[in-house]
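Hi,

Here is the structure I promised to pass on to you. Have a look at it first, and then read my notes below with the picture open next to them.

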Amino acid sequence: MENCLFCKIIKGEIPSAKVYEDEYCYAFRDIAPQAPTHILLVPKIHVANIAEASALPPEAQTALFAAIGKIAAAEKLENGFRVVSNCG
């Protein structure tokens with residue numbers, strides 16, 4: 001998507017502090033964190049929000065959820081973490 005901020009970040013047009021990347025998704029630190037660990041995880045295939053995630057191929061959907069666990073482990077979030085999705 002031409003004007004999508006996240007698509008520009010994934011392409012490297014806008015700098016980010018990458019935390020994780022695989023074939024299907026990209027994770028980076030929020031520039032205005034609302035928590036001590038605040039990481040954004042986005043699919044590499046453009047969807048407007050989580051309500052459209054069913055449009056992603058099944059392997060991309062699976063990769064997003066697998067990435068959450070991998071990121072939590074890498075960030076040493078043993079005491080728990082929260083996953084939030086904003087739409088709109």
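**Strands and their partners**

Let's start in the middle of the sheet: Tyr26 has valine 42 as its bridge partner in β3. Tyrosine 26 also turns up on the other side, as the partner in β2 of glutamate 21. One thing to keep in mind while you look around is that this is a predicted model.

Now zoom out a little. The sheet is open and has three strands in the order β1-β2-β3, paired in the antiparallel way. Which strands stand at the edges? They are β1 (18-21) and β3 (39-43); each has a single partner strand, so one side of each has no neighbour in the sheet. On average, neighbouring strands here are turned by 15° against each other, if you ignore direction.

If you are wondering what holds strands together in general, they pair through backbone hydrogen bonds, and the pairing can be parallel or antiparallel. In this model, β1 and β2 are antiparallel and share three bridges. These two strands make a hairpin, with three residues between them. On the other side, β2 (residues 25-29) runs antiparallel to β3, and five bridges join the two. Arginine 29, for example, is partnered with isoleucine 39 in β3.

**The helix and the core**

Next, find helix α2 (residues 58-74), which packs on the sheet and touches β1, β2 and β3. The direction of α2 makes about 155° with that of β3.

You may have heard that in soluble globular proteins nonpolar side chains tend to be buried together. The largest nonpolar core in this model has 10 residues: Tyr20, Cys25, Ala27, Val47, Ala53, Leu56, Ala60, Leu64, Ala67 and Ile71. Both β2 and α2 supply at least two residues each. Which element gives the most to this core? That would be α2, with four residues.

Leucine 64 is a nice one to click on. Setting aside its neighbours within four places in sequence, leucine 64 is in contact with Cys25, Leu41, Val42, Pro43 and Leu56. Strand β2 is worth colouring by accessibility as well: it is mostly covered, with four of its five residues buried. Cysteine 25 is buried, at a relative accessible area of 0%.

**Charged pairs**

Side chains of opposite charge can pair when their charged atoms come close. How many salt bridges does the structure hold? There are three.

Glutamate 21 takes part in a small network of salt bridges that links Lys18, Glu21 and Lys44. Its side chain meets that of lysine 18 at 3.0 Å, N to O. Glutamate 21 also forms a salt bridge with lysine 44, where the closest N and O atoms are 2.8 Å apart. Glutamate 21 sits in strand β1 and lysine 44 in the loop between β3 and α2, so this pair ties together parts that are 23 residues apart in sequence. Glutamate 21 is partly exposed, with a relative accessible area of 36%, and lysine 44 is partly exposed too, at 30%.

Then there is glutamate 75, which forms a salt bridge with arginine 29; the closest N and O atoms are 2.7 Å apart. Glutamate 75 lies in the segment after α2 and arginine 29 in strand β2, so the pair ties together parts 46 residues apart in sequence. Glutamate 75 is partly exposed, with a relative accessible area of 21%. Arginine 29 counts as partly exposed as well, at 37% relative accessibility. You have met arginine 29 already, as the bridge partner of isoleucine 39.

**The cysteines**

As a reminder, a disulfide is a covalent bond between the sulfur atoms of two cysteines. How many disulfides does a search of the whole structure find? Zero.

Why does cysteine 4 not have a bond to cysteine 7? The sulfur of cysteine 7 is the closest cysteine sulfur to that of cysteine 4, but at 3.6 Å it is too far for a bond. The cut-off for a disulfide is sulfur atoms within 2.5 Å. Cysteine 4 is buried, with a relative accessible area of 14%. Cysteine 25 is in no disulfide either: the nearest cysteine sulfur, in cysteine 7, is 14 Å away.

Have fun exploring!

How values were computed: Residues are numbered from 1 along each chain as its sequence is written. This is a predicted model: local features need pLDDT of at least 70, side-chain atom pairs count only at pLDDT 80 or more; totals for chains, interfaces and linings use all residues. Side-chain values use heavy atoms; hydrogens and water are left out. Two strands pair if DSSP finds at least two bridges between them. Axes are lines fitted to C-alpha atoms, for helices over the stretch in contact, and angles run from 0 to 180 degrees between N-to-C directions. Contact means heavy atoms within 4.5 Å. A nonpolar core is a set of buried Ala, Val, Leu, Ile, Met, Phe, Trp, Tyr and Cys residues joined through side-chain atoms within 4.5 Å. Buried means under 20% relative accessible area, exposed over 50%, partly exposed in between (1.4 Å probe, protein chains only). A salt bridge is a side-chain nitrogen of Lys or Arg within 4 Å of a carboxyl oxygen of Asp or Glu.
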